[in-house]
Amino acid sequence: RPGLVIAVDGPAAAGKGTLARRLAAELGLAYLDTGLLYRATGRRVLDAAADPRDAAAAEAAARSLTPADLARGDLRGPEADRAASAVAAIPAVRAALLDWQRDYGRLHGAVLDGRDIGTVVFPDAPVKLYVTASDEERARRRHLELTGRGVEADLTVVLEELRARDAQDASRAVAPLKPAEDAVQLDTTTLDAEAAYAAALAVVRGKL
Ligand code: C5P
């Protein structure tokens, strides 16, 4: 299916990336983690010693992103999370990244994960998943991921930061985090990665 686009949206640490990557491999599609675009933009603004809420600085950073920026090793962690969410609330940043995401999806056919893929980037995608899990479960997973990478983290702080980021992402004026009307919601709170993947694949197969 050349040009097929599958949208995988949802709040932070819901397991979207793992699911989307596996779906892409199964279906022979490319995979794009769109959060990386916002993370890399935020990082560049921090490098320039600017404030991630500074619209001009953030737009300039978004417009000059290179593949090398997306491959940086410092795009995960609390500081990068906050900077990404801050630049993502700026309309000019989202506009700068929009065509790039659309071209990528159309060119390769792809599974894209993010916040607004089903609502804004590809509103006509034939398959849209909205992946959720309880706040506590998502915090537990993120905490496990951080400590697994050797990053010291406090579960309570992880939970607070995750809630703050979701609140910011859901309340912004442009492309807020929310399920598309035609998205299939998948609550993975009580599912392990394998069961979540099986459920997602069943949804996809049912739509194609
Ligand atoms: O998905 P991830 O947690 O890596 O995304 C980092 C941040 O980038 C999110 O908190 C959100 O503010 C922003 N984002 C977005 N739209 C997307 C993907 C990510 O606004 N499609």
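Contact, as the word is used here, means heavy atoms within 4.5 Å. With that in mind, this report describes a predicted model, beginning with a helix that many others surround and moving on to helix pairs, nonpolar cores and a single loop residue.

**Helix H5 and its surroundings**

Helix H5, made of residues 78–88, has eight of its 11 residues buried, and it is therefore largely enclosed by the rest of the structure. The buried residues are Ala-80, Asp-81, Ala-83, Ala-84, Ser-85, Ala-86, Val-87 and Ala-88, and the buried residues of H5 pack against H2, H3, H6, H8 and H9.

**How the helices pack**

Two packed helices are described by the angle between their axes and the distance between the axes. The table lists these values for three pairs.

| Helix pair | Axis distance | Angle |
|---|---|---|
| H2 (residues 35–47) and H3 (residues 55–63) | within 8 Å | roughly 120° |
| H3 and H6 (residues 91–108) | 8 Å | about 10° |
| H8 (residues 135–148) and H9 (residues 155–171) | within 9 Å | roughly 120° |

With axes that come within 8 Å and cross at roughly 120°, H2 is oblique to H3, and H2 passes H3 in a right-handed crossing. On the H2 side the contact is made by Thr-41, Arg-44 and Val-45, and on the H3 side by Ala-57, Ala-58, Ala-61 and Ala-62; the residues of this contact between H2 and H3 divide into five nonpolar, one polar and one charged.

H3 also packs with H6, at an angle of about 10°, which means that H3 is roughly parallel to H6. Here Ala-58, Glu-59, Ala-62 and Arg-63 of H3 meet Ala-92, Val-93, Ala-96 and Leu-97 of H6, and the residues of the contact of H3 with H6 comprise six nonpolar, no polar and two charged.

The axes of H8 and H9 cross at roughly 120°, and these two helices are therefore oblique to each other, in a crossing that is right-handed. H8 contributes Asp-135, Glu-136, Arg-138, Ala-139, Arg-140, Arg-142, His-143 and Leu-146 to the contact, while H9 contributes Leu-155, Val-158, Leu-159, Leu-162, Arg-163, Arg-165 and Asp-166. The residues of the contact of H8 with H9 divide into six nonpolar, one polar and eight charged.

**The nonpolar cores**

The largest nonpolar core has 21 residues, of which Ile-6, Val-8, Leu-19, Leu-23, Val-111 and Leu-129 touch the most other members. At least two residues of this core come from each of strand S1 (5–9), helix H1 (16–27), strand S4 (127–132) and helix H10 (193–207), and H10 gives the most to this core, with six residues. A second, separate core of 13 residues includes Leu-37, Val-45, Ala-62 and Val-93.

Returning to Leu-129, and leaving aside residues up to four places away in sequence, this residue touches Ala-7, Val-8, Asp-9, Leu-23, Val-184, Ala-200, Val-203 and Val-204.

**A buried residue in a loop**

Phe-122 lies in the loop between helix H7 (117–121) and S4, and because its relative accessibility is 9%, Phe-122 counts as buried. When residues up to four places away in sequence are not counted, Phe-122 touches Val-5, Gln-101, Arg-102, Gly-105, Arg-106, Leu-112, Ile-117 and Lys-128. One of these, Arg-106, is 16 residues apart from Phe-122 along the chain, and the C-alpha atoms of the two are separated by 9.7 Å.

Terms used. Residues are numbered from 1 along each chain as its sequence is written. This is a predicted model: local features need pLDDT of at least 70, side-chain atom pairs count only at pLDDT 80 or more; totals for chains, interfaces and linings use all residues. Side-chain values use heavy atoms; hydrogens and water are left out. Axes are lines fitted to C-alpha atoms, for helices over the stretch in contact, and angles run from 0 to 180 degrees between N-to-C directions. Helices (H or I, at least four residues) and strands (E, at least two) are DSSP runs, numbered from the N terminus. Angles under 35 degrees count as roughly parallel, over 145 as roughly antiparallel, 65 to 115 as roughly perpendicular and the rest as oblique. A crossing is left-handed if the near helix is turned anticlockwise from the far one by less than a right angle, and right-handed if clockwise. Ala, Val, Leu, Ile, Met, Phe, Trp, Tyr, Cys and Pro count as nonpolar, Asp, Glu, Lys and Arg as charged, and the others, Gly among them, as polar. A nonpolar core is a set of buried Ala, Val, Leu, Ile, Met, Phe, Trp, Tyr and Cys residues joined through side-chain atoms within 4.5 Å. Buried means under 20% relative accessible area, exposed over 50%, partly exposed in between (1.4 Å probe, protein chains only).
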